[in-house]
Every structure is written in C-alpha cells, then in structure tokens.
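This report covers selected backbone features and one sheet. It takes up loop residues before strand pairing.

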Amino acid sequence: MSDFPFLIAMIAVPAVGAAVVAALPRGRDLLAKQVALGVSLVVLLLAVLTTLAFDVDGERFQLTTAVSWIPDFGSEFALGVDGIALVMLLLIGVLVPLVVAASWHEADAGSRPARVFFAWLLLLEAMMVGVFAATDVLLFYVFFEAMLVPMYFLIGSFGGPRRQYAAVKFFVYSLVGGLVMLASVIGLYVVSTSQLGEGTFAFDALRQLDIDPDVQKLLFLGFFIAFAIKAPLVPFHTWLPDSGAEAPIGGSVLLVGVLDKVGTFGFLRYCLPLFPDASRSFAPFVLVLAVVGILYAALLAMGQSDMKRLVSYTSISHFGFIALGIFAFTTEAATGAVLYMVNHGLATGLLFLVVGMLISRGGSRQIRDYGGVAAKAPLLAGAFLVAGLASLALPGTNSFVSEFLVLIGAFPERPVFTVLATIGIILAALYVLLMYQRTMHGPARGVLLQEDPAEPLPADPLPSGGGATATAARTAPHRTLRVLDLSRRELAVVAPLVVLIIALGVYPQPLIDLIEPAVVATLGDLGAPGGTDR
Amino acid sequence: MIEAPDLSWAALAPMLVVFGAACVGVLVEAFAPRESRHPVQVGLALVGTVGGLVATLLIAGEPDEVTAVGALAVDGPALFLQAMIAGFGALSVLLFAERALDPARSAFVVSAAVPAGSPRDRELTTVPRVQTEVYPLALFAIGGMMLFVSANDLLVMFVALEVLSLPLYLLSGMARRRRLLSQEAAVKYFLLGAFASAFFLYGLALVYGATGSVLLRDIREATTAGSGGVLLVLGLALLVVGLLFKASVAPFHSWTPDVYQGAPTPVTAFMAACTKVAAFGAILRLLYVAFGTAEWTWRPLVYAVAIASMVVGAVLGLTQTDLKRMLAYSSVAHAGFLLTGVIGLGADGGGSGLSATMFYLLTYGFTTLGAFAVLTLVRDGDGEASHLSQWAGLGARSPVTAAVMSLFLLALAGIPLTAGFTGKFAVFRAAIEQGAWPLVVVALLASAVAAFFYLRVIVLMYFSEPAADGPTVGVPGLPTTVVLAVTATATVALGILPGAVLDLARQAAIFVG
C-alpha cells in the first residue's frame, strides 16, 4: 500500500476538486458545497491512510516521490514527509472538512458566488499540503508564495468591512517576507553549486553542506524573516489581527490554524538543519522575540473589544510558545512545540469557529454586544468554554500537554526565558475567561436582545448591573434573548474538535510517537545534545 | 571589379521572409482594391511573421555562422530572439486585425494626416473604413528588430535601429480615438528617438575612432588588448545610452508612459513586447560580444541604471491612475529586472546571464502582450476605459476578463506558478551567481513595491463595488481571443513546467564571435 502516491494524491485531489467546483455553472452552489465537502473528506481519508502507511521507526523521509521538474534550476518535484510534516497533514485533513461545513451558509453572504469561495478553499488546501510535503526547497518556496493567492481572494472577496485593507496588508507582508527568502533560496543554490559542483535544491543534499558561518547568518536571516512574518513573531505581527479579524471565519481558521504554522514548521525544517551555526548564534535573539511576543500579545489580547481580533492576538502569544520550544534546542521542548502546532490548530480553530457562530447570530464582532448567551444556548456556550479552556491550556485539554512539554523542555537550557514565558499562562487565563464571562454569563444584553411582542416596553430598557446568576428572563422580563442553540450542522462541526481536544489531552502518546523521531533527527542536524543524526 | 559579398541565404531566410512580405504589402496597398485590402494585408502580415518564425525554427539546428562579410551573426541567441520577435509580432498583428471591438471596426485612424478635431476628422471617426498601411509598417518594424538582434557590426545595428524605429513612430500616431494624445505621443517618441539615435551614432564614431573598426569582433580584440582609453569608454557609454532608450530603461524612459498611453493599444502591446526583446538583444550582443572581455568593465554603468530603472518604475508606478501608464512604468521596472540578468555574465564569459535574460524576455513578452490585449476589451463610449476607477467591480460584471487580467497581473508581480516567477528566478540566480546580491536585494524590494500596484487593480476588480456607469466589456473577435488564449496558456505553462524552454534558452545562449 505504501507504493501508492499518497502525497501527490493529497495535492491533486483538492486541486482538481477546486477546478471542478469553479467550473460548475452559475446557481449550482449547493452542488459546489457538496463537492467541496466530499473532496475534503477524501483528503482526510488520504491523510489517515498516509499516517497508517508511515513507519515510525523507518527512514526520516517516507512516501517520497521525485520527478524531474526544472532541470535547469536543479529543482525536482520532490515530496516526502517526516513525522512533523505528517501531523500537519493530519491537521489540514481534519480542519478543512469542518471549515467547509462551517462555511455552508456564510459563503452565501459574500459579494461573490459561494462556489468561488469553495474553489479557493480547495485550492488553498492543495497548496497547504504541498508546502508541508515538499522536500525540495524551491518547490517549498513555490507553494509558500502561491498559497497567498487563494487566501488573498478569500479575505478580499468574502471578508468583513475592512477586507480590502486586510487582504492587501496580508499579501504585501507575506510577499515581502517571501521575496527576502527568495534571495536566501538562490543563495543556498549558489553555495550548493560551489560545494557540490552542481546546483541543487534537494533538502537532503542541502543539509550536508558546510556553509561558512557568515554566509549562514545572512541566509538564515532571509529564511527567518519570512517565517517570522508568517508565524507572526512580535515585530512582524501587525498583519495578523487585521487579516484574522476581516477574513471569513473559515479563512481565519485555516490562516491561523495551518497557514501560519508554515512559519514555525519552516524554523524547524529549514532554519535549524540548514544553518545550524547561525541558528545557535541567533537563538537568544529569537527567544527574546518569542517571550516578548508571549507577554505583549497576551496583554494586547486582553485589551481587545473585537472577538476575532482577540483570538488573533492569543494566537500570536501562542506562536511565541512554539518559537520558544523550537529555539530551546531540546527534544522535549521541540516535540512540545510541534505538538503545540497541532493542538493550537485544533483549539484556536474551535475558538474561531464558535466565535463565528456567535457572530453569525448577532452580526457584531464586539464583546460588549453580547451577554448572557449561556442560558439560552448551552451547547454554544459549552463549546466556547472547551475552546477557551484548551486555549489557556487547562490540564485535561490537549494544549496543556504541549505547553507543559515546551516549558519543562526549555527550562534546563533557558530558565530565565521559561520563567518569563510562564507569566503568559496567567494572562491567557485572564483574556479567555474575561471574554467568556462577558459574552456568555451575566445579564442578557446586546444585539441578540429582542423585544418580546407580547409585553409592553419598560421605561428603562437596560437592566443596571445584576448578579452573575441573573438571567435575561429575570432582569429584563419584557425583552428576551433570541438565540438559537447550535444547529445539527454546527454541532457536527464542533463535536469532532471537542472530542479531539479532550482525547489528545488525555492520551497524546500516538502523536508524540510520530513527532519525536523527526524532532530528534532535526536536532541531530543542528548538532544539539538532544538529537542524533539519522 | 567589385565582388559581391558572400551571403548565406539560408541563414538570412527569416529576415528575408519578413521583409519580403513587407514589400509585397506596400504593393498590395498600391494596387489592390480597397475592399479586399484588409483581409489580404492581414493574411500577408501573418504569413510574413509566422513564416519568419518557422524559418528560424527550421535553421535553429544548423551550425552558427557569421555572414555578409562579418556584418550579421546568425547564432543561437540571434535565432532565439528572432523567433520571439516573429512570434510576438504575429500575435500583435492579430491584435491589429481585431474588428469586433471598436464600433468603427478598427483601432486605427482612417487618415492620419487629417488635423485632429477638424470637421473632416470628426466625420472620419465613424466611417467604417479601415487603415491597412499599419500592416506593412509593422512588418518593416519586425524585420528591423530581427536584423537588430543579429547585427554583428555597429553600422548594421544602426541601420536596423532606424528601420525598426521609423515605423514605430508612425504607428504611435495612428490611434482612432484621442487623436491629439496619439499625435503627441508620436512626436515625442520621434524627437526623443532621433536624439537617442544621434547618441548611438556618435558613440559609433568614437568607438570606430578608438578601434579602427565597426565589427564587434574587431572591437573585442582591441578592447582585450587594452588599447582605447577615454575614447572607447565614451563611445561605449553613448552606444549604450542609445540602446537603453529603446529598452525604456530609467533615466532614459521619459517617453515611455506618454507613448504607451497615446499609441493605439495594439501598437503599445507590440512595442512593449517586441521592442523590448529587440533592444535587449542588441544590448546583450554589444556588451557580451564586443565588451565582454574588456578589462575595464561596463558593469558599474549597468548596475546603476538597473537600480535606477527598478526604483523609478516601481515607485512612479504606484502613483499612476491610468492603466496604460501604469503598465508603462511596469515596463520600466521590468527593464531593470532584465538588466539584473545582463549583469550575470561571468568574467570568463560563462554564467547564465544570457539564457536567463532571454527567458525573462519571453515570459515578459507573453504577459505584457496579454495584459494589453485585455485592456482593449474594456471600453466606454470614448474608446478604451483605461482609467483605474473605471475597472472597479469588473470581477462581478465580467468574471472571465477579470480572471485573465488577474493572471497577467500576478505574473507581472512575479508570483510563483506563473511565468513571471520563473523569469525572475532565472535572472536573479544569474546575478547572484556573479556576486551581485546587493542588486538582487534592490530588485526584490522593487518587486514588492511593484506588486502593490498590480494588486491594486485586482482589489479594484474583485473587492470593490461596480461603478454605476461602468465600462462595457466587449466580446472579442477571433484574433483577440487567439491572442488571449495563447498568452494566458504560455503564462501558466512557463510558470508550472518551464523546464523544456529553459533548456532551449540555455542551449541557445552562445554568441558566435
């Protein structure tokens, strides 16, 4: 079974699906949605089969295929996965069908036909798979940049009121990062030409190079800046709150859940193995950025009034933890960081989805426009709570395992940074619980409040104060909160994520088994104590 | 008795086909009845350009040769560039021949000599008569360009420069609508072009004075020997200025926006694709063959103008509100990227600069031709709607047109999986291989800035509400449809599977001395 080209299929199926969906005639939006859902489920199936075909104790890169692509550039269409890439493919496989289901009605509201939305979504999926599965640096770069186009159109065509601004900002930031990386990619090629006699972009050949430390530093910076913009570390982060807030919910989930992980994935896959000396010398600098990011973004998150911006800022804080785990150079911390990448995708994905469901009911993104929702919509509130608790890494949820691994792994090497990062956990509890409390508990208020036609209007429509246990019915008898609880479709979107969050919180071992050998090999390239070269 | 020079007819076949068709075209203009002129001229022009393309492909495998007493070099680069010029020329002729878009059935003025705005002129704008002289003119320009890239002798190069320029000056003034703008473009182009030609001629004289020859081979021997000094440096500088003018490289670009805007759009497309190829072909030959091994080097000069061109093109492109002017500045910026490739010549004559620059010319030619072809479709009552604001909401009104335009814009911005990225990668690699990474960093920053104005058009088309009295999108006839199909296919194909063409460019990239 392992001869089947799973990775090519995982790129080709959604790409062809996108073309089919785009080519459907006008007015066949329902069919477009069904095709998109079907295709994304096939990709999930392929991802699971790929995982089954993957031998944990085998080679570092498995399921490899290589086809000559641009011989003049020394580039091949080479695919292959290690454990790290594999868990990201699983994450993509899980998230995309849920995003399709969650966007079922939202896509109709955009200014463009819904089938366009799903076509871009499937194309994005194909490119996301490509970016994680590429083992040729030029091919990686091509997917890395081409991935911008579908996301740009998703934000620009289906986003919120400031979508034009957000879409252009997203594109230009990423493009600048990508172009800086392009200089390094070409530089790497030139170094390989001089050392191997023939230029190549094959990852396995490139990590054998012995690059002069000064050159390493320049090349490292090119890659690092691109990745630091993608997985926003603090000075490069300002595009994310805009994009995360303005993108349609499905776009936000994939943007923060998967797309930005390309940055942290890039640190591990490219920065560390290819430029070990530079990585070591820049590590303190990166750790400072990571810790500043954890704290600063958490503080900013607390100050947000817009829920989607808030969730975006929490993600920046979490990306700080991931970067901390990667640049601590220990096996536990780096394994924790990779696990964090998956868990963050699930937890923040769920948080974005639930926030989106709330917003679709009230039509407002502001926290102050909601209150007392829990009493009327217990399922919605429950999903919100699970997502929030996972986001603040409560024990029993998946994020706890990864955050704990990162912290205990980083502590022996970098105690000061780790202690400072721990403050971020407290701040996380604050921003999550405050948002939850304000929107879900307390007196009923805000945009969801509607006049009860049976009763006359009171003189003072809004209740002043009121205890935490007061419900809408008790304090404002003449107005009722009209909230529909989760529909069956929404429940089907939320339930798998809740199950995964709890399951991986209780039993994360299968994922750790997949990730750890790849992390050991990566740190082996770095020459760090935790790793062995494979 | 004077002996006739030894000519290799087979090697000259591509140029002979094109020039022959042009001469027949002049006779057709004189003798064929008016009604049948248009189809005959279009057919003849297509036969000439496609015939030229086929002829280059037929002799592509033959050994390189220098013929006509050393005046012409028919080698790999010459044939590659000639094939490009003939091919792009054929596509441009198709754009010229489009009759479905303009209500008056042609983009060209019936009688260019009638004063703009006079009663006779107003009368003529609606007359469904068509101008057919443009086809022989275009053929002469194409022939001149093909001669230009294979000229191995500065005098022949100068003659070719004039042969290609004079028809272009005329063609620029022939727009059917906005006559004054068009005439202004023609005069401006002519005056500045004549000035640049004079520079070239003066440089030629100085180089002749320094080396005693106009043959590139002899000049190389003289420069390698180290003789020459001030006279030679000055001569080279003036020659390069003349060529950079044609290639619209900043700071010699000031004609470009006005001429691109004023000229009929099919002519603009023709100039943007073919003239660029021809001018860079000549620059490459002059610098690589005659001065490639010079001890003192032309690199600082090219370095400086490349940076100037990229910065000027990208920054001024940001401020434009007219699409044709914006694409003109984009052409200036791309000239800078091309020069980045020109830098990629190794000190030993190696390096991938030549093949990279030729490949870039190919990708840029297709993309820019396609972009201008889309421009001809979007019209309002007064001809083409080239103001940016008129394009708002085009994505909702005409999804296919907007999608095709987006493809070309993304390719111009250099996004991967389009031809633009492959071309950029090739030239940047060539430059970094020669250690010119500061230039590449500038080029990357300029790319980012330029991407912003390409994106702005996409934002307008897709993410803005349509204006109330927006333009109409014409249904293209067969010629424009063919052009759009070919250019869009090439843009995607060269982005996804460029391997074969890159190989071809690499094999062709050897100049014969």
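The model is predicted. In chain A, A393(A) is found in the loop between α17 (378-391) and α18 (398-410). Phi of A393(A) is near 65°, a positive value in a residue other than glycine. With 28 other C-beta atoms within 10 Å, A393(A) is buried, because the cut-off for that class is 20 or more.

In chain B, A68(B) also lacks a glycine's identity but has a positive phi, about 55°. The loop that holds A68(B) runs between β1 (65-67) and β2 (72-74) of chain B. A68(B) is partly exposed, since 19 other C-beta atoms lie within 10 Å.

The two alanines are set out below.

| Residue | Phi | Other C-beta atoms within 10 Å |
|---|---|---|
| A393(A) | near 65° | 28 atoms, buried |
| A68(B) | about 55° | 19 atoms, partly exposed |

Chain B also has a cis peptide bond, from A250(B) to P251(B), with omega near 5°. P251(B) lies in the loop between α9 (230-246) and α10 (255-262) of chain B.

How are the three strands of the open sheet in chain B ordered? The order is β4-β3-β5, and the pairing is antiparallel. β4 (383-384) and β5 (472-473) of chain B are the edge strands, each pairing on one side only. Strand β3 (residues 378-380) of chain B is joined to β5(B) by two bridges, and these strands run antiparallel. R379(B) has T472(B) as its bridge partner in β5(B). In general, strands of a sheet pair through backbone hydrogen bonds.

Conventions: Residues are numbered from 1 along each chain as its sequence is written. Chains are lettered from A and ligands numbered from 1 in the order in which they are written. This is a predicted model: local features need pLDDT of at least 70, side-chain atom pairs count only at pLDDT 80 or more; totals for chains, interfaces and linings use all residues. Helices (H or I, at least four residues) and strands (E, at least two) are DSSP runs, numbered from the N terminus. A residue is buried if 20 or more other C-beta atoms lie within 10 Å of its own, exposed if 12 or fewer, and partly exposed in between; C-beta atoms are placed from the backbone. Two strands pair if DSSP finds at least two bridges between them.
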